[in-house]
Amino acid sequence: MKLTIYQVDAFAENVFEGNPAAVIPLENWLPDETMQNIALENNLSETAFFCPTENGFQIRWFTPLAEVDLCGHATLASSHVLFQHLKYDKDEILFESRSGILKVTKEEDHMVMNFPSAKIEAKYIPTRLKTAFNVHPVKCYIGRDDLMLVFNRESDIQKLQPDFTSVAESTKRGLICTAKSEKYDFVSRFFAPAVGINEDPVTGSAHTMLIPYWAKQLNKTKMVARQVSKRGGTLFCKYLDDRVEIGGKAVTYMQGEITI
């Protein structure tokens, strides 16, 4: 069997920026084991698969080690493939997912994803995470999938040096680290060694937790965020109470064919 595969840099204006994702359009679902093996072979933070449905598409996401419930950058990448390569002729895409219906709209030169907000709850900083970095966090919150640590300064986020063993043992899926920014509204980094990703370059799904938090801290609903990984990426954010909007650009790095 031959399948078309795309590699797309999401939340990027140019190649070699943002977060790379593999996207594989399907007519029918492959066995779960096969999709997991493809994701492992790709060795990217996420591989997205989607199949057509009556009202849109069903989408699933795999890291090299596991299927996940929600992934932002691979959804953005999948939307880019549909709009740019598969000539999808509507301005709105509906994806059915394990996290419900996800809507993506095309707006001028970027795409906007509408995702469910994550409910966040303050908690004590886990003992392992107090010493997991070279800088001490000041607050901790738990969300649907991840933990979030808040730090005092933007420079703290940029110079974090994580102990990945401690991070993996202290979180469910991953760990968000964030602080208020001077140039942007807020900055973040995301670590998920428990699912095979030490650091994710730009994490759309983490912003389902970041946006509600910073909207209340900054008393604003529209924000611009930057994930300050080595590759980096900019996200245009909007808080809608039980939903959030996450916007960004994407560029195609590669189109090819795999044989399984």
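Helices, as counted here, are DSSP runs of H or I with at least four residues, strands are DSSP runs of E with at least two, and both are numbered from the N terminus. In these terms Asp241 is placed in the loop between strand 16 (233-240) and strand 17 (243-248). The model in which this loop appears is a predicted one, and the description below turns to the whole chain before returning to single residues.

The secondary structure of the protein amounts to 6 helices and 18 strands. The radius of gyration is 17 Å, close to the 18 Å that the globule rule gives for 260 residues, so the protein is as compact as a globular protein of that length. Measured out along its principal axes, the C-alpha trace of the protein spans about 50 × 35 × 30 Å. Of the 260 residues in the protein, 57% are buried, and among the contacts with a separation of 6 or more, 62% are accounted for by residues 24 or more positions apart. The accessible surface of the protein comes to about 11,900 Å², and 46% of this area belongs to carbon and sulfur atoms. With regard to charge, the protein holds 29 positive and 33 negative charges, and the mean positions of these two groups are 6 Å apart.

The two ends of the sequence can be considered through Lys2, a residue of strand 1 (residues 2-10). Although Lys2 and Ile258 are 256 residues apart in sequence, their C-alpha atoms are 5.5 Å apart in space. When residues up to four places away in sequence are left aside, Lys2 touches Glu257, Ile258 and Thr259. With Thr259 there is also a polar contact, in which the side chain of Lys2 and the side chain of Thr259 are 3.2 Å apart. Lys2 has a relative accessibility of 53%, and because a residue is called exposed when this value is over 50%, Lys2 counts as exposed.

Ser170 offers a second case, this time within a helix, as it is placed in helix 5 (residues 164-170). Its relative accessibility is 16%, and since the limit for a buried residue is under 20%, Ser170 counts as buried. The side chain of Ser170 reaches the backbone oxygen of Ser166 at 2.8 Å, while beyond four places in sequence Ser170 touches Arg128, Leu129 and Leu147.

Helix 6 (residues 207-218) is mostly covered, with 9 of its 12 residues buried. The buried residues of helix 6 are His207, Thr208, Met209, Leu210, Ile211, Pro212, Tyr213, Trp214 and Ala215. Just after helix 6 comes Asn219, which takes a positive phi of about 55°.

A positive phi is also found in two loop residues. Asn43, which is found in the loop between helix 1 (32-42) and strand 3 (47-52), has a phi near 55°, a positive value in a residue other than glycine. Asn43 is exposed, with a relative accessible area of 59%. Asp241, in the loop between strand 16 and strand 17, likewise has a positive phi in a residue other than glycine, here near 65°. At 55% relative accessibility, Asp241 counts as exposed.

Notes
Residues numbered from 1 in each chain as written. Predicted model: local features only at pLDDT ≥ 70, side-chain atom pairs only at ≥ 80, totals over all residues. Heavy atoms only, no water. Rg over C-alpha atoms; globule rule 2.2 N^0.38 Å. Buried < 20%, exposed > 50% of the residue type's maximum accessible area, 1.4 Å probe, protein only. Contact = heavy atoms within 4.5 Å. Areas by Shrake-Rupley, 256 points an atom, 1.4 Å probe, with all protein chains shown as cover. Lys, Arg positive; Asp, Glu negative; His and termini not counted. Charge placed at Lys NZ, Arg CZ, Asp CG, Glu CD. Polar contact = N/O pair within 3.5 Å; in protein donor to acceptor, adjacent residues only side chain to side chain.
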